[in-house]
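Trainee: I have a model open in front of me and would like to learn how to read it. Could we go through some features together?

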Amino acid sequence: RSLTVSVSSVNGALFSVRINADIGMPYDQFLIYYDDDPIQGYPRRTGEYITYSNTILPGDHTISFRVSKPPFEAPNPRDEETDGTGEVWLDGFQLSPNPPY
């Protein structure tokens, strides 16, 4: 499952998003990608909403949020109390442009 946002900025920008990840390896993980390169990963629950932010260079870019499963079978059935539900909530996505140079 994924969500991709296309962004374009003349002077670059700062993006931020609030994340609540209820995931757990070896069942799934949550990754943030910038132009198809992973820049941040969450292999376990965040426990509550946390804020993640990063810079965007000038130009056209994509930011993707992906929940993925590893390429192997988990050794035991998932226990949602300890391993999470496999869901991620995103809130308050913001893109704050840098001022002109």
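Trainee: Let's begin with charge. How many positive and negative side chains does the chain have, and how far apart do the centres of the two sets lie?

Mentor: Count each set, then compare where the two sets are centred. This is a predicted model, and its chain carries 7 positive and 14 negative side chains. The centres of those two sets are 2 Å apart.

Trainee: And the overall layout? What pattern does the chain follow along the sequence?

Mentor: Reading from the start, you get β-β-β-β-β-β-α-β, made of 1 helix and 7 strands. The C-alpha trace spans about 55 × 25 × 15 Å along its principal axes. Of the contacts with a separation of 6 or more, 80% join residues 24 or more positions apart.

Trainee: Now the interior. Which residues of the largest nonpolar core touch the most other members?

Mentor: The general idea is that in soluble globular proteins, nonpolar side chains tend to be buried together. Here the largest nonpolar core has 16 residues, and those touching the most other members are Ile 19, Phe 30, Ile 32, Tyr 42, Tyr 52, Ile 56 and Ile 63. Two or more residues each come from S2, S3, S5 and S6, with S2 giving the most, 5 residues. Across the whole chain, buried residues make up 35% of the 101 residues.

Trainee: What does Ile 19 contact beyond its neighbours in sequence?

Mentor: Leaving aside neighbours within four places, its partners include Phe 30, Ile 32, Tyr 42, Tyr 52, Val 88 and Trp 89. Thr 46 and Glu 48 are also among the contacts of Ile 19.

Trainee: Is Asn 20 buried or exposed?

Mentor: Compare its relative accessibility with the cut-off: buried means under 20%. Asn 20 is at 19%, so it counts as buried. Asn 20 belongs to strand S2, residues 13-22. Asn 20 and Trp 89 are 69 residues apart in sequence, while their C-alpha atoms are 5.1 Å apart in space. Beyond four places in sequence, Asn 20 touches Thr 46, Glu 48, Tyr 49, Glu 87, Val 88 and Trp 89.

Trainee: Where is Thr 46 found, and which backbone atom does its side chain reach?

Mentor: Look in the loop between S4 and S5. The Thr 46 side chain reaches the backbone oxygen of Glu 48 at 2.9 Å. Thr 46 is also at 19% relative accessibility and therefore counts as buried. Its contacts further off in sequence are Ile 19, Asn 20 and Ala 21.

Trainee: Is Asp 28 buried or exposed?

Mentor: Asp 28 is buried, because its relative accessible area is 0%. Asp 28 lies in the loop between S2 and S3, and its side chain reaches the backbone nitrogen of Gly 24 at 3.0 Å. Contacts of Asp 28 more than four places away include Ile 23, Pro 43, Lys 69, Arg 78 and Gly 86.

Trainee: Last, the backbone. Which peptide bond is cis, and what is phi of Asp 35?

Mentor: Start from the general expectation: most residues other than glycine have a negative phi, and most peptide bonds are trans. In this model the bond from Met 25 to Pro 26 is cis, with omega near 10 degrees, and Pro 26 sits in the loop between S2 and S3. Phi of Asp 35 is positive, near 50 degrees, and phi of Asp 36 is about 70 degrees. Asp 35 is in the loop between S3 and S4, as is Asp 36. Asp 35 counts as partly exposed at 29%, whereas Asp 36 is exposed at 54%.

Technical notes
Residues are numbered from 1 along each chain as its sequence is written. Side-chain values use heavy atoms; hydrogens and water are left out. Helices (H or I, at least four residues) and strands (E, at least two) are DSSP runs, numbered from the N terminus. Buried means under 20% relative accessible area, exposed over 50%, partly exposed in between (1.4 Å probe, protein chains only). Contact means heavy atoms within 4.5 Å. Lys and Arg count as positive and Asp and Glu as negative; His and the chain ends are not counted. The place of a charge is taken as NZ of Lys, CZ of Arg, CG of Asp or CD of Glu. A nonpolar core is a set of buried Ala, Val, Leu, Ile, Met, Phe, Trp, Tyr and Cys residues joined through side-chain atoms within 4.5 Å. A polar contact is a pair of N or O atoms within 3.5 Å; within protein, one must be able to donate a hydrogen and the other to accept it, and residues adjacent in sequence count only if both atoms are side-chain atoms.
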